[in-house]
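Trainee: Have you got a moment to go through a structure with me? I'd like to start from the overall picture and then look at some side chains.
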Amino acid sequence: MNRIRFVATFLFVLAYFSSFAQEMNVKGTVYDSTGTTTLKNAMVMAVRVRDSILLDFTRTDSEGKFEISGFEVDTFALTIEYPGHDEKTYYIFGHKDNYEINIPKVVLPSKSQELEEVVIYAYKDPIYYKGDTLVYVADSFKVAEGAVVEDLLKKLPGISVDREGKITSQGQEISKVLVDGDEFFGTDPTIATKNLGADGIAEVQVYEKENEEGIGGDDEKIQVLDLKLKEDAKKGYFGRVSGASDLTLTPNHGKIGENPFYEGELLLNKFKGAQKISVFALGSNTPRSSFGWGDMNKFGLDNETGSGNRWDPRSQGNTSGIPQTFKAGVYYSDKIGKNKKTKIGFNYSYYNDQLETKSASESQYFLTDTTYYTDDSTRNFSFNESHRFNFNLESDIDSLTTIQIKPSFTIDGGRSDNSAISKFFDTDRNQTLGTSVFNTSTSTGYTVGGFARITRKFMKPKRELELRYDISGNNNNTDGNLDSRTQFYSATVIEDTTLQSKINDNSTMNHFGTFTYIEPLSKKLRLEFEYLYQYGTSSLNKSTYDYDPVAQSYSIFNSYYSNQFDSKRQQNRGGLRLLFNVPKHELSAGARFRNIMIDNKNLIQDTTINQNINNLLPRLFYQYKPSMSKRLRINYETSSSAPAITDLAPVPDNTNPNRIKAGNPDLKPNYIHALNAFYNSWNALTGKFMWTGVNLSLTQNAFSTETYYDGFGRTVSKTINVDGNVSAFFFSGAGFPFFGRKLEVRPQLNASYYRYRSVISGNNNLTDNYAVTPQLDVTVRLLGDSLEFNLSGSYAYNNAVSSLNNTQTPYRVENYSSNMTWRVKGGWRFGLEGRYTRNSLPGAGFYNTDYFILNAEITKRFLKTENMEVSLLGNDILNQNINARREVNGNIITDYRTTIISRYFLLKVTYRFNNRKTKEEDFDGWH
């Protein structure tokens, strides 16, 4: 044992000193703030980080060049100073393979220029801030062969990617993923992250920007992740094609060969400088694909209305069934014209999916003097088809004027066939009612959206003018049939049947015009003036016909369930805001005043309700940056939104006769106070990071529900305005790397509180929902990162308290998971993933359940370039996958338990190709 320790110690010491056998050598050229004039006699210093000892210093020569050398490889700060300019610091992590550093262009910002930059050169984890942009140098993070961008993102400190592909940075959700500053198939992040190879990425940039999709001067800011491509990745073509099948060997209802599982994808990219052309096709009937409800904003879908049921294969809302999804599209972008000052982009995508689902649920309804129970079994079939078009044109008319036009258009179609069998029970669990409801429908519709804007800058710095026009609208036509059969259980069984045909036509169109002007009052202070005008119309035409048994047709007009309703809305809004900005502080404060005139007209009854509403909308923003690695942001704003036309129209909706929904033409717009605070800290030298934040909101005239119950537990509800709805959400997290990031520990804590007011059978009800979720993630990398373990655990405690009868409904959700990836010589890769879920609550109920999901993968790479791989995938090997969840809504508790796609095996073949005829793989670390 002692001999082994001696040998190990000797090898460690030998490796340690051999890594410092080289001497550092750093060269560069220093320029002024214009980046065109070199600076002579600029001071250049190298200071060791661990003890602040000056290692070397020099001054630039007549050409602005410098060179420092002659000291051992180490971690040090390189600082460049020059009179009249801000200093610039580079943190350099020396290594035996990273001891010669060349910085070709060091641009020193002027004293008045509000720009700070810290750059890190390192053997691993080079991360730096460029202004407010956090930059990761992609080639310094080791990823596996064949990895895509999503695999790279999972390696970046402070960035996390969940199972659904959602990305967060420092605890904040990434709203948009760009490729070289441009949208890649619209706003869907997964097309870029799940399909582009990591080896083509030079940098990953994270920054905050105003949401250009926000209508009417919306100040909302979003987090953006921008993938900067390498120069060689912008030339030629690359892509991949894959197919997978279970060879019809998976049993379906005890039979083999009935419904085979399959997956397929094709992605082709052709880049030539600024020109990008991409084509994709994706098809699947397994839950491994990224299709579903989230696809509403995928593949260029910026504006989508609900044209049918959506399905997210990995959300907790999944029901049983096998989806069949196909999607295809083409993307084109380029810079044209003289000096390439005009950027154009176009993408089209086609979406087709169908899904048959089954589910069961138990609900409990709490009233002041009684309790009802229901058991529901549903079967839903849906088919949806969409064509989506997006276009973007952005051009610099001159050096000060920019114009942008960005329209979008979507055509939707769908059909559905749904059935629901419900049983109603009284407090003693005696059945009082039974219903069978069948609905069929077909629908067609379109959505239009987009904006056009002209931005003008002036010779006077920071003076700006923007003129903008937005359009947002949709139209939907639905034809359907209702077949409802009810049995009343008493001394004798009484049956009631409703047969109806329904024709629904609804449309909405809004036009916005915005004028924004910013005038600088001093170097630090600016004044912003804004004016917005909105004109919007909405209409709902609903016609219902009862079945005539004599004529054997739907020919009897039912006026009670029919209506024609129009709504017009005009808004005038003006605002002022002061903007104060210095290097470490940013403050803005102002207010908007608006007037809204709304005319709601019932065309059947020839009645009109006029509303004239005035609002003052204050707003405040403050940001403090004590250093480039720390941020504190506080934002307060007020907003208001109008009720939907379906909530306004005074006509009952009996699509589900057990849950009839009526309209309320007296609804007013809500008024929301929102306060958000966020702090994050990043230590570039150690890789440690942390974030914490809180989101608070108080809503006046909030949209709530007034519900009345009959003696069986059936309901009639409508949307009403209430005051005092509150939401609060706290989130925090941190990352602690150890042993050169061989071990990473990432704790998180989330907590929330929601207060919801409603009216139940004439009684005010107050529901308080409490939740707290601690979580811990651990990553271990061994054997030169070829073996990686990930462990994760979370415990969610939830409790809902209702004032109606002082009921409490606590429940818990525990999730524990682990996965392992092992890459060995010969092109082999082994993967294993296990997830354990436990749902529990006091008492009985089918929400109490636990299950363990085990997935596995074996992959082998082939060919000289190793660009072809064959995989065997096993999903839910133990055949335990189920869906159990609880929903608490006011005085209602509903437990769902469904079976979703479970065990199957796939044989998958993937081929990657590129014009270089080389191995298509990701950077595998510096060696």
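Mentor: Happy to, so let's take the overall picture, then rings, strands and cores.

Mentor: Keep in mind that this is a predicted model, where local features need pLDDT of at least 70, side-chain atom pairs count only at pLDDT 80 or more, and totals for chains, interfaces and linings use all residues. Residues are numbered from 1 along each chain as its sequence is written, and side-chain values use heavy atoms, with hydrogens and water left out.

Trainee: Got it. How many helices and strands does the protein have?

Mentor: There are four helices and 51 strands. Those are DSSP runs numbered from the N terminus, with helices being H or I of at least four residues and strands being E of at least two.

Trainee: And what share of the residues is buried?

Mentor: Of the 927 residues, 47% count as buried. Buried is under 20% relative accessible area, exposed is over 50%, and partly exposed is in between, with a 1.4 Å probe and protein chains only.

Trainee: What about contacts far apart in sequence?

Mentor: Among contacts with a separation of 6 or more, 64% are between residues 24 or more positions apart. A contact here is heavy atoms within 4.5 Å.

Trainee: Switching to rings: how many aromatic pairs are there?

Mentor: The whole structure has 22 aromatic pairs. One of them is Tyr372 with Tyr709, which is stacked at 6.3 Å centre to centre with 15° between the planes. Rings of Phe, Tyr and Trp (its six-membered ring) pair if their centres lie within 6.5 Å; planes under 30 degrees apart are stacked, over 60 edge-to-face, and the rest tilted.

Trainee: Where do those two tyrosines sit in the chain?

Mentor: Tyr372 is in strand β24 (residues 371–396) and Tyr709 is in strand β38 (residues 702–709), so the pair links parts of the chain 337 residues apart. Tyr372 is buried at 11% relative accessible area, and Tyr709 is buried at 14%.

Trainee: Why is the pair of Trp822 and Phe830 called tilted?

Mentor: Because their planes are at 40°, with the ring centres 6.0 Å apart. Trp822 is partly exposed at 36%, and Phe830 is partly exposed at 27%.

Trainee: Which charged groups sit over rings?

Mentor: Arg456 has its charged end over the ring of Phe458, 5.6 Å from the centre, while Lys860 lies over the face of Phe862 at 4.8 Å. The criterion is NZ of Lys or CZ of Arg within 6 Å of the ring centre and within 35 degrees of the ring normal.

Trainee: Now strands. What does β36 pair with?

Mentor: Strand β36 (residues 671–682) pairs with strand β34 (residues 630–639) in the antiparallel sense over ten bridges. β36 also pairs with strand β37 (residues 689–700), antiparallel over twelve bridges. Pairing needs at least two DSSP bridges between the strands.

Trainee: Any bridge partners I could click on?

Mentor: Try Lys630, whose partner in β36 is Ser681, and Asn676, whose partner in β37 is Asn695.

Trainee: Last topic: which residues have the most contacts inside the largest nonpolar core?

Mentor: In that core of 35 residues they are Tyr136, Leu152, Leu153, Val204, Leu225 and Leu227. A second, separate core has 20 residues, including Val44, Phe71, Leu78 and Leu108. A nonpolar core is a set of buried Ala, Val, Leu, Ile, Met, Phe, Trp, Tyr and Cys residues joined through side-chain atoms within 4.5 Å.
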